[in-house]
Amino acid sequence: MIQHIKQGKPAEVKADMNAQVRATVEAILKDIETRGDEAVREYSAKFDKWQPASFRLGAEEIAACIAAVPEKALDDIRFAQAQIRRFAQVQRDSLKDVEVETLPGVVLGHRNIPMNSVGCYIPGGKYPLIASAHMSVLTAKVAGVKRVIACAPPFEGRPCPEIVAAMHLAGADEIYCLGGVQAVAAMAIGTESIAPVDMIVGPGNAFVAEAKRQLFGRVGIDLFAGPTETMVICDDSVDAELVAVDLLGQAEHGPTSPAYCITTSKTIAAELPAAIDKVLARLDTAPVASVSWCDYGEIILCDSDEEALQEAERLCSEHVQVMTKDPDWYLQRMTRYGALFLGHRTNVSYGDKVIGTNHTLPTQGAGRYTGGLWVGKFIKTHTYQRVLTDEASVMVGEYCSRLCGYEHMSGHKEQADIRVRRLKPEGTPA
């Protein structure tokens, strides 16, 4: 039997952003499309109190930012990027061009072609999310994208040195200290000083997410992102304190971030509330994480792994930590999630920051139909066809002609018929 020991508010699963956010973003996008750089400058001054001579950082400014980062921090950034690059390259190598002769004289194939230009948004208002530079810029460069530009807002009144260093080391071709809707709009729409891109990626607040939603179709995007979600599936092989740490480690993202504990352990279900309070007492981010847990935290007690699996699939969380005696049991059976973290030795923070997998993942149930950001998101798979002989063209053409006739599409039919008439040997039966 499934028991909901603690329930949160209904999850924030909405098809649209609220009307105020939607209207605000729509007006900003229209204004930037009309007035370009002038509008971008005004919004940057209004929202970020930032109005430099140029939003794009030059070589000297980038070098100064890197020089301001302690060498140990640079080494840590390089280590994280090495892991992410290594795994992204393995993923890239798994994508193969194909070509096959499906019938005598008929050759079909596809080529995997990187996008020409991508814009990466790296959040930096509340937290300077250095890791987002690795996950977006570096992954796009491994995919082979020719032009990768990166935007991040000012942090404490200036470009964040660590973010700039991460962007540069990841291979960004253009770096801008520019945030919010104005950054996303400038990259997607283009201005006098910023050439538009083909795709926008990266997380952000509700306004950034809404800007991506409204621009989708004009440019590609990675995902429609909602608040961060985390889930811990556990049994008696771990203790309540470890579960509490792993839940609150993601709850600190924001006050509406769902955090689910699904457990087959009555002990953990009983001890977790007190453990949460104990861990909150030592977190600087407790004012945020405590609200998230209070409003959106859940404890679900199940009698079996089968019941736990059922609940995990229903909730379809972005991050799923499995800390059970046999985590591979879940690996083989789960189908709806963003990413899995298997065993007590790993956790979501490893995936967010350093281990090598990408941290841009589907939220709000999108794990039902898509995975997260990876090199394949930056690559378009385009098909081609080649007919080598007259005989093959005639054979396919006769089938095509009849099929077009069934659909009453005479133009399509004539495309086939003209080739049959010209290529079919004289005297061959119709």
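These exercises work through a predicted model.

**Exercise 1. The annotated binding-site positions**

Task: Find which positions UniProt gives for the feature "binding site", and decide whether they gather at one spot or lie apart.

Solution:
- Step 1. Start with the record. The unreviewed UniProt entry places "binding site" at T228, Q250, H253, H319, D352, E407 and H412.
- Step 2. Check the spread. These positions span 185 residues in sequence, and the farthest two C-alpha atoms are 55.0 Å apart, so they do not all gather at one spot.
- Step 3. Take H319. This residue sits in strand β12, residues 319–323. Its relative accessibility is 1%; the cut-off for buried is under 20%, so H319 is buried.
- Step 4. List what H319 touches beyond four places in sequence. The contacts include T228, Q250 and D352. UniProt lists these three under "binding site" too. Other contacts of H319 include M231, F341 and L361.
- Step 5. Take E407. This residue lies in the loop between α15 (390–406) and α16 (410–423). Its relative accessibility is 56%; exposed means over 50%, so E407 is exposed.

**Exercise 2. The helix before E407**

Task: Test the length of α15 against its expected span, then find what covers its buried residues.

Solution:
- Step 1. Helix α15 has 17 residues, which at 1.5 Å a residue should span 24 Å. The end C-alpha atoms are 24 Å apart, so the two values agree.
- Step 2. Pick out the buried residues. They are A392, S393, V394, G397, S401 and C404.
- Step 3. Recall the helix repeat. An α-helix has 3.6 residues a turn, so residues three or four places apart point the same way.
- Step 4. Find the cover. It includes β3 (106–114), β14 (379–387) and α16.
- Step 5. Look past the helix end. H408 follows α15 and has a positive phi, near 60 degrees.

**Exercise 3. Strand β5 and its partners**

Task: Decide whether the two faces of β5 are buried or exposed, and trace the strands that pair with β5.

Solution:
- Step 1. Strand β5 covers residues 147–152, and six of its six residues are buried.
- Step 2. Sort the side chains. R147, I149 and C151 point one way; V148, A150 and A152 point the other way. Both sets are buried.
- Step 3. Pair β5 with β4 (residues 117–121). The two run parallel, joined by five bridges. G119 has I149 as its bridge partner.
- Step 4. Pair β5 with β6 (residues 174–177). These also run parallel, with four bridges. Here I149 is partnered by E174.
- Step 5. Add the helices. β4, α5 (residues 130–143) and β5 form a right-handed β-α-β unit. β5, α6 (residues 161–170) and β6 form a right-handed β-α-β unit as well.

**Exercise 4. E174 in β6**

Task: Which side chain does the side chain of E174 meet in a polar contact?

Solution:
- Step 1. Locate E174 in strand β6. Its relative accessibility of 12% makes it buried, since the cut-off is under 20%.
- Step 2. Scan the contacts beyond four places in sequence. E174 touches R56, R147, V148, I149 and A150.
- Step 3. Find the polar one. The side chain of E174 meets that of R147 at 2.7 Å.

**Exercise 5. Helix α7**

Task: How many residues of α7 are buried, and what do they pack against?

Solution:
- Step 1. Helix α7 covers residues 180–189, and ten of its ten residues are buried.
- Step 2. Name the packing partners. They are α1 (19–35), α2 (37–48), β4, β5, β7 (199–201) and α8 (206–215).
- Step 3. Check the residue just after α7. G190 takes a positive phi of about 90 degrees.

Conventions. Residues are numbered from 1 along each chain as its sequence is written. This is a predicted model: local features need pLDDT of at least 70, side-chain atom pairs count only at pLDDT 80 or more; totals for chains, interfaces and linings use all residues. Side-chain values use heavy atoms; hydrogens and water are left out. UniProt positions are given in the numbering used here, feature names are shortened, and annotations may be inferred rather than shown by experiment. Buried means under 20% relative accessible area, exposed over 50%, partly exposed in between (1.4 Å probe, protein chains only). Contact means heavy atoms within 4.5 Å. The expected span of a helix is 1.5 Å times one less than its number of residues. Two strands pair if DSSP finds at least two bridges between them. A crossover is right-handed if, with the strands pointing away from the viewer, the path from the first strand over the helix to the second runs clockwise. A polar contact is a pair of N or O atoms within 3.5 Å; within protein, one must be able to donate a hydrogen and the other to accept it, and residues adjacent in sequence count only if both atoms are side-chain atoms.
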